[in-house]
Amino acid sequence: MDILDLIDWINYCAEALLGAVFALICFRQAGKFKGARLFFLLLAGFFGCVFMSDVFYMLTWIIEDFPFVFSAGDISWIGGYLFLITAALSLTDEWVPEQREAVRKYRWPALAGPAVCVIFNVVFISLYPQLVVNYLLYAVPTAILLYLSLWLFLLSRKGGLQPGLRLYHLAVLVWLSLQMVCDLFSTLRLVQIFAALSTVFWYIVMFIMPSIYFAARKGIVE
């Protein structure tokens with residue numbers, strides 16, 4: 001195991017621990033705040049998937065030689081995106097018909113999110129065309145989540161709907177954007193400078209993860 005592999009192991013262990021801690025915190029919040037039970041359970045599912053994806057990824061690394069094409073960790077990671085998508089959709093359930101009609105105009109600017117996702121995945125696929133299925137599996141939930149997060153952020157900022165959750169939507173958007181940049185640097189890990197930048201972005205991403213919880217707690221509970 002070279003130094004870059006060791007750094008990767010440390011990164012995955014740190015992120016797995018962070019995911020486990022906040023999954024437990026969100027689960028406890030779900031029992032404490034009954035009105036926001038579903039939302040916190042969905043966030044707990046997200047953090048739990050982050051934990052499981054890193055554990056599965058490391059186990060696959062032990063069983064198979066790296067790099068490998070696909071692992072159970074990828075399925076868990078996609079599951080985390082699906083939990084956040086469901087959490088975003090749950091926030092729209094409380095809208096009355098008049099509100100739903102008023103927010104339609106913000107749908108078109110929100111398409112900027114999926115457009116950025118498409119650009120990044122075109123770069124990924126051009127670098128590793130043999131992994132096109134992998135990148136498409138990631139691209140679809142990422143594009144949907146980017147769209148919903150940007151749409152809800154615009155609504156909370158300009159439309160006056162759920163303004164308390166503005167920071168939460170912003171945190172999710174920042175996390176998603178940094179995650180794509182981090183993945184790009186990881187893809188280019190053959191050059192040491194890219195490996196170093198990947199580690200820097202990795203820890204920024206991990207710093208943003210707790211802010212997703214704290215922003216949600218502030219916006220929903222307080």
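The lining of the largest cavity in this predicted model comprises, by class, six nonpolar and two polar residues, with no charged residue among them. The residues concerned are Leu84, Ala88, Leu145, Ser149, Leu152, Tyr168, His169 and Val172. Three elements each give two or more residues to this lining: helix H3 (72-90), helix H6 (132-159) and helix H7 (166-187). The space enclosed in the largest cavity is about 40 Å³, and the structure holds one cavity of 30 Å³ or more. In general terms, empty space of this kind is revealed by rolling a probe the size of a water molecule over the atoms.

Two of the helices that line the cavity, H3 and H6, also pack against each other, and their relation may be considered next. The axes of H3 and H6 lie 9 Å apart and form an angle of about 25 degrees. Because angles under 35 degrees count as roughly parallel, H3 is described as roughly parallel to H6. The crossing of these two helices, H3 and H6, is left-handed.

H6 itself merits separate description. Helix H6 contains 28 residues, and the distance from its first C-alpha to its last is 38 Å, close to the 40 Å expected at 1.5 Å a residue. Gly160 follows H6 and has a positive phi, near 75 degrees. H6 also has helix H5 (residues 112-127) as a partner: the axes of H5 and H6 come within 8 Å and cross at roughly 160 degrees. Since an angle over 145 degrees counts as roughly antiparallel, H5 is roughly antiparallel to H6. The crossing in which H5 passes H6 is right-handed, whereas that of H3 and H6 is left-handed.

From H3 the description may be extended to helix H2 (residues 37-63). H2 and H3 pack with their axes 7 Å apart, at an angle of about 170 degrees. This angle therefore makes H2 roughly antiparallel to H3. The crossing of H2 and H3 is left-handed. In the contact of H2 with H3, 15 residues are nonpolar and nine are polar, while no charged residue takes part. The absence of charged residues is thus recorded both for this contact and for the lining of the largest cavity.

H2 leads in turn to an open feature of the model, the second largest pocket, to whose lining H2 gives the most, with three residues. Both H2 and helix H8 (192-220) supply at least two residues of that lining. The volume of the second largest pocket is about 250 Å³. It is lined by 13 residues, of which Phe39, Ser90, Leu91, Glu94 and Ile220 are the closest to its centre. By class, the lining of the second largest pocket has six nonpolar, four polar and three charged residues. Charged residues thus appear in the lining of the second largest pocket, whereas the lining of the largest cavity has none.

Note on methods:
Residues numbered from 1 in each chain as written. Predicted model: local features only at pLDDT ≥ 70, side-chain atom pairs only at ≥ 80, totals over all residues. Heavy atoms only, no water. 1 Å grid on protein atoms, 1.4 Å probe; cavity = no way out; pocket = protein on both sides within 12 Å on 5 of 7 lines; lining within 4 Å. Points joined across faces, edges and corners; volume = space filled by probe spheres on them. Helix = DSSP H or I, 4+ residues; strand = E, 2+ residues; numbered from the N terminus. Nonpolar A, V, L, I, M, F, W, Y, C, P; charged D, E, K, R; others polar. Axes fitted to C-alpha atoms, helices over the stretch in contact; angles between N-to-C directions. Parallel < 35°, antiparallel > 145°, perpendicular 65-115°, else oblique. Left-handed = near helix turned anticlockwise from the far one by under 90°. Expected span 1.5 Å × (residues − 1).
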